[in-house]
Amino acid sequence: MDTKELLKKVRKIEIKTRRLSDHIFGGEYHSTFKGRGMTFSEVRQYQFGDDVRNIDWNVTARYNEPYVKVFEEERELTMMLVADVSGSKFFGTKNQFKDEIVTEIAATLAFSATQNNDKIGLILFSDEIELYIPPKKGRSHVLRIIRELLEFQPKSKKTNVAEALKFLSNVMKKKAIVFVLSDFIADDYKQNLKIAAGRHDITGIRVYDKHEETIPNIGMVQMEDEETGELLLVNTASKNVRLNYGKFYKEKVDYFKDSFTKSGAGSIDCRVDESYVKKLLGYFKRRG
């Protein structure tokens with residue numbers, strides 16, 4: 001897409017998602033994700049009702065009257081958006097491709113974080129790390145993230161969620177709020193998720209299309225595996241083919257739910273024809 005068209009698209013997404021984050025998610029986000037704790041701010045004279053445990057004995061001794069330490073919430077946080085840019089996410093119908101929904105969800109979350117003066121970073125992954133944008137603050141930084149989500153062309157069409165989580169654990173040493181956006185048609189990431197979730201506040205957002213869940217009976221169909229590029233002749237009239245595909249798909253979904261639950265991370269299922277606004281709000285409210 002040319003620059004003019006790209007900027008138009010970025011602007012459209014900004015208007016839509018910023019309105020959502022301003023009116024809906026700002027407060028929810030703030031109350032759901034608290035700061036890292038309390039940090040020392042200043043000392044002041046003791047007042048009746050103050051907690052005696054906060055008395056600063058050094059200052060008290062110097063001035064011969066009681067002084068207490070004042071603490072305030074250390075509010076600033078870092079949000080990391082970890083988005084799957086592999087081939088499988090381009091499956092969709094009615095012009096609502098998964099990558100568009102992923103971009104809108106990511107932008108909404110990013111603007112919610114910006115409202116709270118938090119930093120936002122981005123990791124784009126396939127079966128390798130395609131792009132890493134270190135966390136920074138501000139609107140122009142969020143717009144850059146949206147731009148990358150819209151136009152980035154991955155080198156690989158394969159998926160490796162474990163690789164993305166491993167990279168996250170290596171680059172983010174301090175606790176971060178992490179949203180992993182993918183269809184999670186992958187496996188073998190449970191251990192890496194457990195390690196990352198031990199340090200970070202992680203939520204997996206599974207974005208999927210209802211047409212992926214089953215294969216309709218439409219006879220012999222030539223299909224391209226989006227991740228390998230291989231052309232396959234599939235007999236969808238075969239009950240076994242349909243059953244095996246359904247089993248394969250269910251296994252991946254069960255693995256996703258089991259992995260995130262057991263590691264103590266949060267998860268959201270978001271179908272492309274459903275309202276992601278309701279899904280996010282419901283999730284924030286349950287956690288708040």
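## Exposure and the Lys279 pair

Buried here means under 20% relative accessible area, exposed means over 50%, and partly exposed is what falls in between. Keep in mind that this is a predicted model.

Take Lys279 as a starting case: its relative accessibility is 29%, so by those cut-offs it counts as partly exposed. Lys279 has a salt-bridge partner in Glu274, with N and O 3.4 Å apart. How exposed is Glu274? At 28% relative accessibility, Glu274 is partly exposed too.

## Salt bridges overall

How many salt bridges does the count come to? The answer is 20. Some of them share partners: Arg11, Glu14, Arg18 and Arg139 are joined that way into one network.

## Helix 1 meets helix 4

One member pair of that network deserves a look of its own. Arg139 and Glu14 form a salt bridge whose closest N and O atoms sit 2.6 Å apart. Arg139 belongs to helix 4 (residues 139-151) and Glu14 to helix 1, so the contact ties together parts that are 125 residues apart in sequence.

Are the two ends buried or exposed? Glu14 is buried, with just 3% relative accessible area, while Arg139 is partly exposed at 39%. The 3% for Glu14 falls under the 20% cut-off, which is why that residue gets the label buried.

## Helix 1 meets helix 3

Helix 1 has another long-range link to show, this time through Lys16. The side chains of Lys16 and Glu104 meet in a salt bridge, 3.0 Å from N to O. Lys16 is in helix 1 and Glu104 in helix 3 (residues 98-115), so to speak a link between distant parts of the chain, 88 residues apart.

Here again the acidic partner is the buried one: Glu104 has a relative accessible area of 16%, whereas Lys16 is partly exposed at 39%.

## A lysine patch on the surface

Now for charge without a salt bridge. Which residues gather in a patch of positive charge on the surface? They are Lys4, Lys8, Lys9 and Lys12. Lys12 is part of helix 1, which covers residues 3-32.

Lys12 has a relative accessible area of 64%. That value is over the 50% cut-off, so Lys12 counts as exposed. Residues in such a patch need over 30% relative accessible area and no salt bridge, and Lys12 with its 64% clears the area part of that rule.

Technical notes
Residues are numbered from 1 along each chain as its sequence is written. This is a predicted model: local features need pLDDT of at least 70, side-chain atom pairs count only at pLDDT 80 or more; totals for chains, interfaces and linings use all residues. Side-chain values use heavy atoms; hydrogens and water are left out. Patches are made of residues with over 30% relative accessible area and no salt bridge: like charges are joined within 9 Å, nonpolar side chains (Val, Leu, Ile, Met, Phe, Trp, Tyr) within 5 Å. Accessible areas come from the Shrake-Rupley method with a 1.4 Å probe; for residues, only the protein chains shown count as cover. A salt bridge is a side-chain nitrogen of Lys or Arg within 4 Å of a carboxyl oxygen of Asp or Glu. Lys and Arg count as positive and Asp and Glu as negative; His and the chain ends are not counted. The place of a charge is taken as NZ of Lys, CZ of Arg, CG of Asp or CD of Glu. Helices (H or I, at least four residues) and strands (E, at least two) are DSSP runs, numbered from the N terminus. Buried means under 20% relative accessible area, exposed over 50%, partly exposed in between (1.4 Å probe, protein chains only).
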